Amino acid sequence: MANLYALQGRGKTGKTSTLKEVFNLLSQKYPLAVTEVIRQTSDIKIIMLINGIKVGIESEGDPNGRLEESLHDFVQSNCNVIFCAVRTRGMTVGWVNHYAATYRIQYVGQKLVKTDYTVTNVNTAQSLIQTAGL
């Protein structure tokens with residue numbers, strides 16, 4: 001079964017920054033990975049092929065955003081691992097839970113840290129990568 005890691009937290013807690021760091025760390029660790037950048041603005045939507053493992057990353061987890069579409073696209077692309085951002089409750093959580101029959105879902109809490117914000121994002125990103133076995 002494939003894995004879906006949902007970085008969960010309120011708005012402005014650093015979910016996007018953490019998921020961008022996941023992409024940066026994976027790019028550094030696997031410089032030969034095939035990367036398809038679908039969107040890269042303040043948020044990212046990316047598919048990476050790392051040693052035969054397809055990884056989808058979506059950092060936009062706002063209600064009424066593109067998360068529902070991105071999850072669908074990642075599933076259609078047969079991603080083995082998905083990293084995404086969601087709020088604490090509501091439609092974004094529902095969109096993730098929709099894939100519970102085909103993906104092992106793990107919610108990872110993201111809380112606002114007032115000191116060492118960057119260090120916290122990097123540590124959380126490293127933990128996500130390690131948990132995913134990448």
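**Exercise 1. The order of the elements**

In what order do the elements of the protein run from the N terminus on?

*Solution.* Before we start, keep in mind that this is a predicted model.
- Step 1: Take stock of the secondary structure, which comes to 4 helices and 6 strands.
- Step 2: Walk along the chain from the N terminus, and the elements read β-α-β-β-β-α-β-α-β-α.
- Step 3: Now look at the overall fold size. The radius of gyration is 13 Å, close to the 14 Å that the globule rule gives for 134 residues, so the protein is as compact as a globular protein of that length.
- Step 4: For another view of its dimensions, the C-alpha trace spans about 40 × 30 × 25 Å along the principal axes.

**Exercise 2. Inside and outside**

Find what percentage of the 134 residues count as buried, then describe the surface and the contacts.

*Solution.*
- Step 1: Of the 134 residues, 46% count as buried.
- Step 2: The accessible surface comes to about 7,000 Å², and 49% of this surface belongs to carbon and sulfur atoms.
- Step 3: Consider contacts between residues at least 6 apart in sequence: 66% of them join residues at least 24 apart.
- Step 4: For the charges, count 14 positive and 10 negative side chains; the centres of these two sets lie 7 Å apart.

**Exercise 3. Strand E1 and its partners**

Which strands pair with E1, and in which sense, parallel or antiparallel?

*Solution.*
- Step 1: Locate strand E1 at residues 2–8; 7 of its 7 residues are buried.
- Step 2: Recall a rule: in a regular strand the side chains alternate between the two faces of the sheet.
- Step 3: Check the two sides of E1. Ala 2, Leu 4, Ala 6 and Gln 8 point one way, Asn 3, Tyr 5 and Leu 7 point the other way, and all are buried.
- Step 4: Look for the first partner. Strand E6 (residues 103–109) pairs with E1 in the parallel sense over 7 bridges, and Tyr 5 has Gln 106 in E6 as its bridge partner.
- Step 5: Turn to the other partner. E5 also runs parallel to E1, with 6 bridges joining them, and here Leu 4 is bridged to Ile 82.

**Exercise 4. Two hairpins around E3**

How many residues lie in each of the hairpins that E3 forms with E2 and E4?

*Solution.*
- Step 1: Strand E2 (residues 34–40) and strand E3 (residues 44–50) run antiparallel, joined by 6 bridges.
- Step 2: The hairpin from E2 to E3 passes through 3 residues.
- Step 3: Pick out facing residues: Val 37 has Ile 46 in E3 as its bridge partner, while Glu 36 stands opposite Ile 47.
- Step 4: Move on to E4, which pairs with E3 in the antiparallel sense over 6 bridges. One bridge pair is Met 48 with Val 55 in E4.
- Step 5: Between E3 and E4 the hairpin has 2 residues.

**Exercise 5. Two asparagines with positive phi**

Is Asn 51 buried or exposed? Work out the answer, then do likewise for Asn 78.

*Solution.*
- Step 1: Start from a general point: most residues other than glycine have a negative phi.
- Step 2: Asn 51 is not a glycine, yet its phi is positive, about 50°. Asn 78 has a positive phi too, about 60°.
- Step 3: Place them. Asn 51 is in the loop between E3 and strand E4 (53–58), and Asn 78 is in the loop between helix H2 (67–76) and strand E5 (81–86).
- Step 4: Apply the cut-off for exposed, which is over 50% relative accessible area. Asn 51 has 69% relative accessibility, so it counts as exposed. Asn 78 has 58%, so it counts as exposed.

**Exercise 6. Two covered residues**

What are the contacts of Thr 18 and Ile 44, leaving aside neighbours within four places in sequence?

*Solution.*
- Step 1: Thr 18 sits in helix H1 (residues 15–29). Buried means under 20% relative accessible area; Thr 18 has 0%, so it is buried.
- Step 2: The contacts of Thr 18 are Leu 7, Gln 110, Asn 121, Thr 124, Ala 125 and Leu 128.
- Step 3: Ile 44 belongs to strand E3, where 6 of the 7 residues are buried. With a relative accessible area of 2%, Ile 44 is buried.
- Step 4: Contacts of Ile 44 include Leu 19, Phe 23, Ile 57 and Arg 66.
- Step 5: Finish with a distance: the C-alpha atoms of Ile 44 and Gln 76 are separated by 18 Å, and the two residues are 32 apart along the chain.

Terms used
Residues are numbered from 1 along each chain as its sequence is written. This is a predicted model: local features need pLDDT of at least 70, side-chain atom pairs count only at pLDDT 80 or more; totals for chains, interfaces and linings use all residues. Side-chain values use heavy atoms; hydrogens and water are left out. The radius of gyration is taken over C-alpha atoms; the globule rule is 2.2 Å times the number of residues to the power 0.38. Buried means under 20% relative accessible area, exposed over 50%, partly exposed in between (1.4 Å probe, protein chains only). Contact means heavy atoms within 4.5 Å. Accessible areas come from the Shrake-Rupley method with a 1.4 Å probe; for residues, only the protein chains shown count as cover. Lys and Arg count as positive and Asp and Glu as negative; His and the chain ends are not counted. The place of a charge is taken as NZ of Lys, CZ of Arg, CG of Asp or CD of Glu. Two strands pair if DSSP finds at least two bridges between them.
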